[in-house]
Amino acid sequence: EGFCCGGGGGQMWMETDAETRINNKRLEHALEANAEVIATACPYCLIMFEDAIRSKGVGDQIRAIDLAEILDTKQ
């Protein structure tokens, strides 16, 4: 039930109301699911999620990581 953040399509640079931003809406869904980690292989989604986490001040609840970080066995 997820959807694209639109970062690759220019949403990253568009000025929109904070309540209607796609990245904030997607973060809201993740928080409702009680997720602790959001993993993505898309660099735009990673940036968009990190921005939403910072702007909402929920970095202590959830973090966004690249899928490669999960696969990295050195951690």
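## Report on a predicted protein chain

The protein chain exposes about 5300 Å², of which carbon and sulfur atoms supply 52%; accessible areas come from the Shrake-Rupley method with a 1.4 Å probe, and for residues only the protein chains shown count as cover. This is a predicted model, in which local features need pLDDT of at least 70 and side-chain atom pairs count only at pLDDT 80 or more, while totals for chains, interfaces and linings use all residues. Residues are numbered from 1 along each chain as its sequence is written, and side-chain values use heavy atoms, with hydrogens and water left out.

The protein chain holds three helices and two strands, in the order α-β-α-β-α from the N terminus on. Helices (H or I, at least four residues) and strands (E, at least two) are DSSP runs, numbered from the N terminus. Of the 75 residues, 28% are buried. Buried means under 20% relative accessible area, exposed over 50%, and partly exposed in between (1.4 Å probe, protein chains only). Among contacts (heavy atoms within 4.5 Å) with a separation of 6 or more, residues 24 or more positions apart account for 61%.

The axes of H1 and helix H2 (residues 43–56) come within 9 Å and cross at roughly 75 degrees. Axes are lines fitted to C-alpha atoms, for helices over the stretch in contact, with angles from 0 to 180 degrees between N-to-C directions. H1 and H2 are therefore roughly perpendicular to each other, a class that covers 65 to 115 degrees. On the H1 side, Asn23, Asn24, Arg26 and Leu27 meet H2 residues including Cys45, Met48, Phe49 and Ile53. Glu28 and Ile53 are 25 residues apart in sequence and 9.7 Å apart in space, C-alpha to C-alpha.

Three residues with their accessibility are listed below.

| Residue | Location | Relative accessible area | Class |
|---|---|---|---|
| Glu28 | H1 (residues 22–32) | 36% | partly exposed |
| Asn34 | loop between H1 and strand E1 (37–40) | 65% | exposed |
| Leu67 | H3 (residues 67–71) | 38% | partly exposed |

Asn34 has a positive phi of about 60 degrees although it is not a glycine. Most residues other than glycine have a negative phi.

Leu67 joins Ile70 and Leu71 in a nonpolar surface patch with about 300 Å² of accessible area together. Patches are made of residues with over 30% relative accessible area and no salt bridge, with like charges joined within 9 Å and nonpolar side chains (Val, Leu, Ile, Met, Phe, Trp, Tyr) within 5 Å. A salt bridge is a side-chain nitrogen of Lys or Arg within 4 Å of a carboxyl oxygen of Asp or Glu.

Note on methods: Parallel < 35°, antiparallel > 145°, perpendicular 65-115°, else oblique.
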